[in-house]
Amino acid sequence: MATTDTFYEAMRRQGISRRGFLKFCSLTAATLGLAPGFAGRIAEAMETKPRIPVLWLHGLECTCCSESFIRSAHPLASDVVLSMISLDYDDTLMAAAGHQAEAILDEIRHKYKGRYILAVEGNPPLGQDGMSCIIGGRPFLDQLREVASDCQAVIAWGTCASWGCVQAAHPNPTQAVSIDKVIHDKPIIKVPGCPPIAEVMTGVIAYMLTFERLPELDRQGRPKMFYGQRIHDKCYRRPHFDAGQFVESWDDEGARKGYCLYKMGCKGPTTYNACSTVRWNDGVSFPIQSGHGCLGCSEKDFWDKGHFYDHVTDTRVFGIEANADAVGIAAAGTVGAAITAHAAASAVHRIKQRTGAQHTEDEQA
């Protein structure tokens with residue numbers, strides 16, 4: 001793909017109207033959580049800036065990140081791949097193979113040195129000299145280091161690249177590690193999830209193209225605009241958690257009423273992701289809405305944190321450390337106590353009023 005074209009030029013060649021282009025910019029702004037006024041800035045960037053060359057590598061992984069990416073709705077993955085970026089290498093999506101495909105890596109590295117993005121899906125194994133993952137006849141670890149040496153920044157797609165995921169789970173016989181354990185001299189954007197939400201993936205790329213900088217990251221290297229809140233904070237079942245209304249078994253009355261799934265192992269109170277706001281499949285649903293608790297798949301070492309259906313008891317809610325089993329009951333109890341206290345205070349006030357009125361009548365007599 002030619003990388004000298006702008007996003008707008010590429011879209012117009014595909015027969016997309018100016019109106020459709022502006023609609024795309026508005027949807028992109030909404031996906032990024034930006035005010036409507038930012039749509040104009042996105043449009044300007046798309047019209048004037050050349051597309052970003054991207055090299056997408058695959059290490060130890062199951063390709064679920066790619067499967068998620070191609071199902072993005074806002075913006076469409078086809079818009080991202082064919083217009084916003086120049087996806088010059090992705091051995092899963094590209095037509096070329098073998099030596100032809102590998103030659104592209106060298107071409108982009110030298111032609112766009114320091115100006116291309118390296119996207120990595122999966123992770124490198126360090127054990128056995130990296131022989132657990134071979135790409136083009138050599139360890140993936142060597143390919144990763146080589147391509148990263150001349151890139152502008154690295155995007156670590158998914159929990160595999162961000163934290164290690166199941167490949168790095170105990171006892172980790174291949175010694176699989178996250179990308180930041182190998183690459184130390186480049187900025188790394190972690191986009192965890194197993195897989196990440198499609199719109200989160202395309203949203204990160206759209207932001208980088210529009211503003212020519214990395215999105216603001218949290219202490220763990222994740223974009224704050226998508227990983228700034230816990231799933232629990234915006235979950236539609238949260239009122240049931242606060243009221244102490246929990247599903248106790250998968251087929252009980254609470255499950256049918258949509259009560260909180262915390263006691264069934266939901267990790268929403270300790271998981272930072274946009275599942276409860278962006279949701280999946282073009283915003284249709286997310287695991288909790290579908291009746292299953294969050295597994296915490298975007299968090300570090302989630303695979304080694306015990307049984308998926310064991311609930312956590314050390315969540316930090318309401319700004320303090322508390323046993324989440326007691327939070328709902330305590331909250332309900334506090335409300336009840338407040339009502340009782342208010343009623344008692346009102347009764348005392350009425351008694352005082354009557355007593356005061358009686359004293360006044362006695363003094364007048």
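1. Leaving aside its neighbours within four places in sequence, which residues is C297 in contact with? Have a look in the viewer and you should find T159, G193, C194 and F302 around C297. Keep in mind as you look that this is a predicted model. C297 sits in the loop between α12 and β8. Its relative accessibility is 21%, so C297 counts as partly exposed; the cut-off for buried is under 20%.

2. Now the overall picture. The protein chain has 365 residues, and 48% of them count as buried. Its secondary structure comes to 13 helices and 9 strands. If you take the contacts between residues at least 6 apart in sequence, 74% of these join residues at least 24 apart. The accessible surface of the chain is about 17,800 Å², and carbon and sulfur atoms account for 54% of that surface.

3. Back to C297, which has company in the record. An unreviewed UniProt entry puts the feature "binding site" at C275, C294 and C297. These residues are spread over 23 residues of sequence, but they cluster in space, with a largest C-alpha distance of 11.1 Å. C275, like C297, is in the loop between α12 and β8. With a relative accessible area of 10%, C275 is buried. Set aside the neighbours within four places in sequence, and C275 is in contact with I197, I231, W280 and F286.

4. Which other residues does UniProt mark with the feature "binding site"? The unreviewed entry places this feature at H232, C235, C260 and C266. They span 35 residues in sequence, yet no two of their C-alpha atoms are more than 11.4 Å apart, so this set gathers at one spot. H232, C235, C260 and C266 also belong to the lining of the largest cavity.

5. Let's zoom in on two members of that set. H232 is in the loop between α10 (residues 224–227) and α11 (residues 238–242), and C235 is in the loop between α10 and α11 too. Are they buried or exposed? H232 has 5% relative accessibility, so H232 counts as buried. C235 counts as buried as well, at 11% relative accessibility. Not counting residues up to four places away in sequence, C235 touches S276 and I288.

6. I288 is worth remembering, since it turns up again in the largest nonpolar core. That core has 48 residues, and I155, W157, V191 and I288 touch the most other members. Helix α9 (residues 198–211) gives the most to this core, with 8 residues. Domain 1 (7–227) and domain 2 (232–304) each supply at least three residues to this core. There is another core apart from it, made of 30 residues, among them L57, L141, L144 and V154.

7. V191 is a good residue to click on if you want to see how the packing looks. Beyond the neighbours within four places in sequence, V191 is in contact with I155, A156, W157, G158, S162, P196, V200, V204 and Y227. Two of these partners, I155 and W157, are on the list of residues that touch the most other core members.

8. A buried serine is next. S66 is found in helix α4, which covers residues 64–69. Its relative accessible area is 5%, so S66 is buried. Leaving aside neighbours within four places in sequence, the residues in contact with S66 are W56, H58 and E121.

9. Some backbone oddities to check. Most peptide bonds are trans. Where are the cis peptide bonds here? One joins H170 and P171, with omega about 10 degrees, and P171 lies in the loop between α8 (158–162) and β7 (188–191). Another joins C194 and P195, with omega about 0 degrees. P195 is found in the loop between β7 and α9, and C194 was among the contacts of C297.

10. Last, phi angles. Most residues other than glycine have a negative phi. N172 is not a glycine, but its phi is positive, at about 50 degrees. N172 is in the loop between α8 and β7, and with a relative accessible area of 18% N172 is buried. D301 also has a positive phi, near 60 degrees. D301 is in the loop between α12 and β8, and its relative accessible area of 41% makes D301 partly exposed.

Notes. Residues are numbered from 1 along each chain as its sequence is written. This is a predicted model: local features need pLDDT of at least 70, side-chain atom pairs count only at pLDDT 80 or more; totals for chains, interfaces and linings use all residues. Side-chain values use heavy atoms; hydrogens and water are left out. UniProt positions are given in the numbering used here, feature names are shortened, and annotations may be inferred rather than shown by experiment. On a 1 Å grid over the protein atoms alone, a cavity is a set of points where a 1.4 Å probe fits but cannot get out, and a pocket is an open set with protein on both sides within 12 Å along at least five of seven lines; lining residues have an atom within 4 Å of a point. Helices (H or I, at least four residues) and strands (E, at least two) are DSSP runs, numbered from the N terminus. Buried means under 20% relative accessible area, exposed over 50%, partly exposed in between (1.4 Å probe, protein chains only). Contact means heavy atoms within 4.5 Å. Accessible areas come from the Shrake-Rupley method with a 1.4 Å probe; for residues, only the protein chains shown count as cover. A nonpolar core is a set of buried Ala, Val, Leu, Ile, Met, Phe, Trp, Tyr and Cys residues joined through side-chain atoms within 4.5 Å. Domain bounds come from an automatic or database domain assignment.
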